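Colleague: Mind walking me through this one? I'd like to go strand by strand, then look at the ligand and the odd backbone spots.

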Amino acid sequence: MTRVNDPIVINQTKLRNRLTMAPTVKFDYAGADGKATEKHIEHYRERAAHGCGLICVEATAIAPGGRFWKNHMGLWEDAQIEGHQEIVKACHENGAAVILQINHTGITSNPDCGPAIGPSAVPTRDPSVLSKEMTIDEIHEMQTLFADAAVRAKKAGYDGIQLHGCHGYLINQFISKKTNLRSDEYGGSDENRARFAAEIIREIRNRCGEEFLISVRTAGVEPDVATAIAVAEEYVKAGCDYLQVSTGIEWEDPTLTEHEAPYNLICEMGIRFHEYFRDRVPVSCVNSIFTPEQIKYLIENELVDTVDLGRAILADPAICEAALEDAPYVKCFDCPRCQYGPGMVHKCPAETRRMQ
Ligand SMILES: Cc1cc2nc3c(=O)[nH]c(=O)nc-3n(C[C@H](O)[C@H](O)[C@H](O)COP(=O)(O)O)c2cc1C
């Protein structure tokens, strides 16, 4: 039986256990220059120090125009490498492996940061404004920006990168038939819609080497699980080492039913991917995993290879010690507050309690 404490090697990177910190952006930590700050370094240091196996650092912009908001961390220029080096050091010194999620917001880009661009002309944040359809040259330039950011991530010392391929951002926009209406080699079949990301993976592999961990956080239903798996298969063929599964633009697949355990459908998407990719590519699941019991159930029953903790590890990083050695922790209250993003006025109530 696999246990939460069991290490796992992904490509050449050893994770000391099966706990991963899900990418969770800290809007108020970066300034408009996109540089990582002391707050970021401490935030990740603390989570690594509590025993997390892999820290997946938050969605980081590959271009100033691809941001959610102006105060969003980036790695679009060399001047931003130094802050990332400190994040990496803080994680490694505390025994955690660390990868960086890289992203472009595409048609959902904040208009204060850049134009809404994507695979096709479709409604943007402002439904009366259509995005600009990318030309083939623009697609290639964008792929190079992703690979450039990965090269900088390697220079900063990251064990690897993760392409943000879910939650409706640019890579996901290429996958969804709702946002990708193209009829060229980047639209239509599963292989074509996956081509944008698959070519990025190949370019990163060429430029960052065989040992660099390449992960994709992918949409579990787009528009159904079988198609989402076919897309992920293209990523794996291109060299993806590790899949984390979350939501996409479409959500509901009637073939997706709850597991007998009380897990939600988003976790179930990861479980279904794991069934398919078992013994080939490690798979992680996410969503509303708040207790050591849930974590142990998922790992000990070999439903997934690793478990992503989002709000639970934001609320109290001691959730890791709780799952590893039954230590006390404060459970996430599952309130929506931490999802408000910029301008958040409330503090996390669990964090407040643990500081008392
Ligand atoms: C404050 C916050 C920031 C987030 N930022 C990201 C992000 O940068 N990248 C990403 O893929 N998902 C992001 N997410 C989604 C989480 O990674 C995770 O999928 C989601 O919160 C569900 O997991 P949980 O129930 O364990 O929180 C964010 C979620 C929260 C609450």
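Modeller: Sure. A crossover is called right-handed if, with the strands pointing away from the viewer, the path from the first strand over the helix to the second runs clockwise. Keep in mind that this is a predicted model.

Colleague: Which helix makes a right-handed β-α-β unit with β11 and β12?

Modeller: The two strands, β11 (residues 283-285) and β12, run parallel and are joined by two bridges. One pair to look at is Ser284 and its bridge partner in β12, Thr306. The helix that completes the right-handed unit with β11 and β12 is α8, residues 292-300.

Colleague: And which residue of β12 stands opposite Thr20?

Modeller: β12 also pairs with strand β3 (residues 19-21), in the parallel sense and over three bridges. Both faces of β12 (residues 306-309) are covered, with Thr306 and Asp308 buried on one side and Val307 and Leu309 buried on the other. The β12 residue opposite Thr20 is Asp308.

Colleague: Moving to β9, how many of its residues are buried?

Modeller: Look at the two faces of the strand: Leu213, Ser215, Arg217 and Ala219 are buried on one side, and Ile214, Val216 and Thr218 on the other. Buried here takes 20 or more other C-beta atoms within 10 Å. For β9 (residues 213-219), the count of buried residues is seven of seven.

Colleague: What is the bridge partner of Thr218 in β10?

Modeller: On the β8 side, β8 (residues 160-165) and β9 pair in the parallel sense over six bridges, and there Gly165 has Thr218 as its partner. On the β10 side, five bridges join β9 to the parallel strand β10 (residues 242-246). In β10, the partner of Thr218 is Val245.

Colleague: Which peptide bond is cis, with omega near 0 degrees?

Modeller: Most peptide bonds are trans. Go to the loop between β9 and α6, where Pro223 sits; β9, α6 (residues 225-238) and β10 form a right-handed β-α-β unit. The cis bond is the one from Glu222 to Pro223.

Colleague: Is Asp326 buried or exposed?

Modeller: Asp326 sits in the loop between α10 (319-325) and α11 (349-355), and has a positive phi of about 55 degrees without being a glycine. The cut-off for exposed is 12 or fewer other C-beta atoms within 10 Å. Because Asp326 has 9 C-beta neighbours inside 10 Å, it counts as exposed.

Colleague: What is phi of Asp334 near?

Modeller: Asp334 lies in the loop between α10 and α11. With 11 other C-beta atoms within 10 Å, Asp334 is exposed. Its phi is positive, though the residue is not a glycine, and is near 60 degrees.

Colleague: How far apart in space are Glu351 and Asp316, C-alpha to C-alpha?

Modeller: Glu351 belongs to helix α11 and is partly exposed, with 15 other C-beta atoms within 10 Å. In sequence, Glu351 and Asp316 are 35 residues apart. In space, C-alpha to C-alpha, the separation is 6.2 Å.

Colleague: Now the ligand: how many residues surround it?

Modeller: β4 (54-61) and α9 (311-315) each supply at least two residues of the shell. By type, the shell divides into nine nonpolar, nine polar and three charged residues. The closest are Ala22, Pro23, Ala59, Gly310 and Arg311, and the number surrounding the ligand is 21.

Definitions and conventions:
Residues are numbered from 1 along each chain as its sequence is written. This is a predicted model: local features need pLDDT of at least 70, side-chain atom pairs count only at pLDDT 80 or more; totals for chains, interfaces and linings use all residues. A residue is near a molecule or strand if its C-beta atom, placed from the backbone, lies within 6 Å of it. Helices (H or I, at least four residues) and strands (E, at least two) are DSSP runs, numbered from the N terminus. Ala, Val, Leu, Ile, Met, Phe, Trp, Tyr, Cys and Pro count as nonpolar, Asp, Glu, Lys and Arg as charged, and the others, Gly among them, as polar. Two strands pair if DSSP finds at least two bridges between them.
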